[in-house]
Amino acid sequence: MIDYIIGAKDLQFGYPDGTTALRGINLDIEKGHKIAVLGANGAGKSTLFLHLNGILRPEKGKVIFDGKEVRYDSRSLMQLRRSVGVVFQDPDSQIFSSNVLQEISFGPLNLGLSKQEVMQRVDAAMEATSVNEFKHRPVHFLSYGQKKRVSIAGILAMHPRVLILDEPTAGLDPKLIVQTTELFDSINKEGITIIISTHDVDFAYSWADRVLIMNQGQITCEGRPEKVFSNQSVLQENDLTSPWMLDVYKELRKKGWLVEHVSPPRTKDELFSLINQAGKKVEVPIMSKVSAME
Ligand SMILES: Nc1ncnc2c1ncn2[C@@H]1O[C@H](COP(=O)(O)OP(=O)(O)OP(=O)(O)O)[C@@H](O)[C@H]1O
Ligand SMILES: [Mg+2]
């Protein structure tokens with residue numbers, strides 16, 4: 001039996017100014033999966049995320065966590081937020097303590113843990129997000145990328161069962177993007193479900209187990225990345241581009257330079273290994289060997 005951790009049923013929501021943001025979202029996310037949510041600006045990704053840990057309350061429909069419908073009394077919400085951590089798109093809306101250490105300790109301190117346990121969690125979260133070097137600095141003096149890492153650390157230290165990150169790598173430098181992605185993978189290996197919104201099709205293609213596409217408040221497509229990104233009409237209708245790896249793979253297949261019946265590579269290493277395998281099968285004619293030496 002499939003074990004779903006979080007989901008929604010016919011979720012509908014409009015903001016007080018009359019903007020309809022969600023128009024009937026149905027969602028079932030399997031425990032331990034890595035999910036990438038894509039969709040144009042204004043598609044409803046952040047609004048959906050804010051529903052998944054009860055910050056926004058649906059107008060119609062429901063959010064389901066661990067098989068139960070989410071309730072909105074303060075006790076139930078507190079329990080939900082222990083299990084479902086959301087890192088906001090804009091770190092300034094998440095961060096409110098004066099220094100980094102206080103900011104990251106705030107959540108765990110409110111869980112009623114021992115001081116020792118709080119310090120262990122905070123140290124581990126700071127180490128994982130590389131914020132140690134500025135732990136005593138005031139948060140408002142940090143750069144955007146540094147604030148982003150502090151807000152990720154604050155949620156990590158809560159040890160959530162579902163980690164939801166709204167465009168977590170936007171504004172990070174290339175080295176930190178690699179490091180943060182590795183961090184998400186190691187957290188996921190511990191069984192934590194991770195949901196990430198992103199505009200980066202290459203990241204979504206190689207990282208996610210499943211991809212969800214949102215368009216005008218609805219989920220318009222869902223599936224394995226290699227399937228979703230191979231569907232040209234889905235890409236066109238949702239203003240998405242094809243990941244470079246899939247383009248290169250298709251081109252090499254079209255030219256007959258890759259072996260038949262292999263599924264598309266998801267990572268650079270997989271692509272290089274396919275190219276190496278194909279290379280070994282090609283017999284270099286003796287003449288070209290000689291001319292290459294001339
Ligand atoms: N606080 C708000 N008040 C009114 N309308 C809002 C508010 N926040 C978002 N919206 C509107 O709700 C819709 C969904 O917005 P949302 O921020 O969820 O989209 P998104 O997919 O996260 O976009 P982005 O990729 O730009 O982050 C948009 O039409 C947006 O203008
Ligand atoms: Mg958003």
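This section describes the two sheets of a predicted model and the surroundings of its ligand.

The first sheet to be considered is open and consists of four strands in the order β2-β1-β4-β5, with antiparallel pairing. Its edge strands are β2 and β5 (68-69), each of which pairs on one side only. Strand β1 (residues 4-14) and strand β2 (residues 20-30) run antiparallel and are joined by eight bridges. Together, β1 and β2 make up a hairpin in which five residues lie between the strands. Within this turn, Gly-18 adopts a positive phi of about 100°. Along the pairing of β1 with β2, Ala-8 is found opposite Leu-27 of β2. Strand β1 also pairs with strand β4 (residues 60-65), again in the antiparallel sense, over five bridges. Here Ala-8 has Val-63 of β4 as its bridge partner. Ala-8 is thus placed opposite Leu-27 in β2 and is bridged to Val-63 in β4.

The other sheet is likewise open, but it contains six strands, arranged in the order β6-β7-β8-β3-β9-β10, and its pairing is mixed. Strands β6 (84-87) and β10 (218-223) stand at the edges; because each has a single partner strand, one side of each is left without a neighbour in the sheet. From one strand to the next, the twist averages 15°. Strand β7 (residues 162-166) is paired with strand β8 (residues 193-197) in the parallel sense, and five bridges link the two. One of the residues involved is Ile-164, whose bridge partner in β8 is Ile-195. Helix α6 (residues 174-189) packs on this sheet, where it touches β3 (34-38), β7 and β8. The direction of helix α6 makes about 150° with that of β8. In general, the strands of a sheet pair through backbone hydrogen bonds, in either a parallel or an antiparallel arrangement.

Ligand 1 is surrounded by 15 residues, of which Asn-41, Gly-42, Lys-45, Ser-46 and Thr-47 are the closest. By class, this shell comprises four nonpolar, eight polar and three charged residues. Helix α1 (residues 45-52) gives the most to the shell, contributing three residues. Several polar contacts to oxygen atoms of ligand 1 can be described individually. At Gly-42 the backbone is involved, with an N or O atom lying 2.8 Å from an oxygen atom of the ligand. At Ser-46, by contrast, an N or O atom of the side chain is 2.9 Å from an oxygen atom of ligand 1. The side chain of Gln-89 likewise places an N or O atom 3.0 Å from a ligand oxygen atom. Taken alone, ligand 1 exposes 630 Å², and the protein buries 66% of that area.

Note on methods: Residues numbered from 1 in each chain as written. Chains lettered and ligands numbered in written order. Predicted model: local features only at pLDDT ≥ 70, side-chain atom pairs only at ≥ 80, totals over all residues. Heavy atoms only, no water. Near = heavy atom within 4 Å. Polar contact = N/O pair within 3.5 Å; in protein donor to acceptor, adjacent residues only side chain to side chain. Areas by Shrake-Rupley, 256 points an atom, 1.4 Å probe, with all protein chains shown as cover. Nonpolar A, V, L, I, M, F, W, Y, C, P; charged D, E, K, R; others polar. Pairing = 2+ DSSP bridges. Axes fitted to C-alpha atoms, helices over the stretch in contact; angles between N-to-C directions. Contact = heavy atoms within 4.5 Å.
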